[in-house]
Amino acid sequence: MIQLLSVKLKTKPRNSPVYPLNLPLVKNFTELSFDSPVTFFVGENGSGKSTLMEAIAAGVNAVTVGAEDVGRDKTLSGARRLGKELKFAWRTRNHRGFFLRAEDFFGFAKRVSHLMEEMDELAEAYKQKFTGYALGLAKGSALSQKRALIEKYGENLDANSHGESFLKLFQARFVAGGLYLLDEPEAPLSPLRQLSFLAMLKEMVAEDAQFIIATHSPILMAYPQATIYSFDHQPIKAVAYDDLEHVTLTRAFLNNPESFLRRL
């Protein structure tokens with residue numbers, strides 16, 4: 001189900017010198033509609049796709065999978081500035097889902113690891129404060145919280161490969177009816193893992209989840225009936241899969257890599 005219907009600027013863009021309000025993306029931006037449960041933001045580095053993704057996350061106050069929350073992360077100060085300028089239209093609004101940038105995953109893994117360590121330390125500290133029944137209750141509470149984390153993420157997210165950890169995170173955190181804002185989730189995923197991720201998308205869309213994904217991956221972009229917005233055009237416009245430069249260039253290279261490699 002499509003929950004977030006559209007995003008637009010509250011007022012006409014001003015000639016602001018402040019980042020990111022001074023970007024061509026913002027100056028040419030009017031409104032973006034989400035007509036499919038899966039929407040892709042596509043474009044070259046620096047085209048603004050991650051900037052808009054982050055601003056949407058800040059504007060809707062999305063739960064962040066990272067070392068810090070969206071409201072406190074210093075690297076998202078510009079996103080919060082732009083997020084305040086955005087107006088959102090909803091079919092239905094809930095707080096399920098999350099925002100994830102691929103580079104933030106290691107910070108999140110450390111955050112989970114620290115929480116587990118804190119639960120162990122808390123359980124040990126209770127031994128000094130309580131005895132008998134009170135000790136059992138207090139210690140049990142701390143250890144049950146640790147068990148809940150282990151059930152979700154495993155003993156140690158860092159013990160897996162980066163790609164395996166990503167997929168474990170998605171399996172643990174994807175819930176029905178959530179809105180998911182994902183910035184380059186393919187970064188740690190092999191082509192085979194990307195296909196596994198597409199299977200997850202299909203399962204979650206069937207459970208009324210919505211995805212907005214910034215990506216460079218032609219494999220992910222091939223998701224059936226997805227809307228693909230190209231940020232290489234100003235203003236942003238919807239583009240067919242077969243017309244994307246990412247797709248045509250990848251096909252051309254795979255069909256005849258020698259012709260490209262000769263030019264190196």
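Trainee: How many aromatic pairs does the structure hold?

Mentor: This is a predicted model, in which local features need pLDDT of at least 70 and side-chain atom pairs count only at pLDDT 80 or more, while totals for chains, interfaces and linings use all residues. Residues are numbered from 1 along each chain as its sequence is written, and side-chain values use heavy atoms, leaving out hydrogens and water. Rings of Phe, Tyr and Trp (its six-membered ring) pair if their centres lie within 6.5 Å; planes under 30 degrees apart are stacked, over 60 edge-to-face, and the rest tilted. Under this rule, the number of aromatic pairs is ten.

Trainee: Is the aromatic pair of F98 and F174 stacked or edge-to-face?

Mentor: The ring centres of F98 and F174 are 6.0 Å apart. The angle between their planes is 15 degrees, and the pair is therefore classed, with planes under 30 degrees apart, as stacked.

Trainee: How many residues apart in sequence are the parts that F98 and F174 tie together?

Mentor: Helices (H or I, at least four residues) and strands (E, at least two) are DSSP runs, numbered from the N terminus. F98 belongs to strand β5 (residues 97-101), whereas F174 sits in the loop between α6 (162-173) and β6 (179-183). The pair therefore links parts whose separation in sequence, in residues, is 76.

Trainee: Is F174 buried or exposed?

Mentor: A residue is buried under 20% relative accessible area, exposed over 50% and partly exposed in between (1.4 Å probe, protein chains only). F98, its ring partner, has a value of 1% and is buried. F174 has 9% relative accessibility, so F174 counts as buried.

Trainee: Which helices do F170 and F197 tie together?

Mentor: The ring centres of F170 and F197 are 5.1 Å apart and their planes stand at 50 degrees, so this pair is tilted. Both residues are buried. F170 lies in one helix and F197 in another (residues 191-205), so the pair joins parts 27 residues apart in sequence, namely helices α6 and α7.

Trainee: Which residues form one aromatic cluster?

Mentor: The two pairs just described, F98 with F174 and F170 with F197, belong to this cluster. Its full membership is F98, F170, F174, Y180, F197 and F211.

Trainee: Which are the edge strands of the sheet of six strands?

Mentor: Two strands pair if DSSP finds at least two bridges between them. The open sheet has the order β5-β6-β7-β3-β8-β9, with mixed pairing. An edge strand pairs on one side only, and here the edge strands are β5 and β9 (237-238).

Trainee: What is the bridge partner of Y229 in β9?

Mentor: Strand β8 (residues 227-230) pairs with β9 in the antiparallel sense over two bridges. In β9, the residue bridged to Y229 is A238.

Trainee: At about how many degrees does α7 run to β7?

Mentor: Axes are lines fitted to C-alpha atoms, for helices over the stretch in contact (heavy atoms within 4.5 Å). Angles run from 0 to 180 degrees between N-to-C directions. Helix α7 lies across β3 (38-42), β6 and β7 (210-214), and its angle to β7 is about 150 degrees.

Trainee: In what order do the three strands of the other open sheet stand?

Mentor: The pairing in this sheet is antiparallel. Its edge strands, each pairing on one side only, are β2 (31-33) and β4 (86-90). The order is β2-β1-β4.

Trainee: Which residue in β4 does L4 stand opposite?

Mentor: Strands β1 and β4 pair in the antiparallel sense over five bridges. The residue in β4 that stands opposite L4 is W90.

Trainee: Where is P235 found?

Mentor: The peptide bond from Q234 to P235 is cis, with omega near 0 degrees. P235 is found in the loop between β8 and β9.

Trainee: What is the relative accessible area of D208?

Mentor: D208 is found in the loop between α7 and β7. Its phi is near 70 degrees, a positive value in a residue other than glycine. D208 is partly exposed, with a relative accessible area of 37%.
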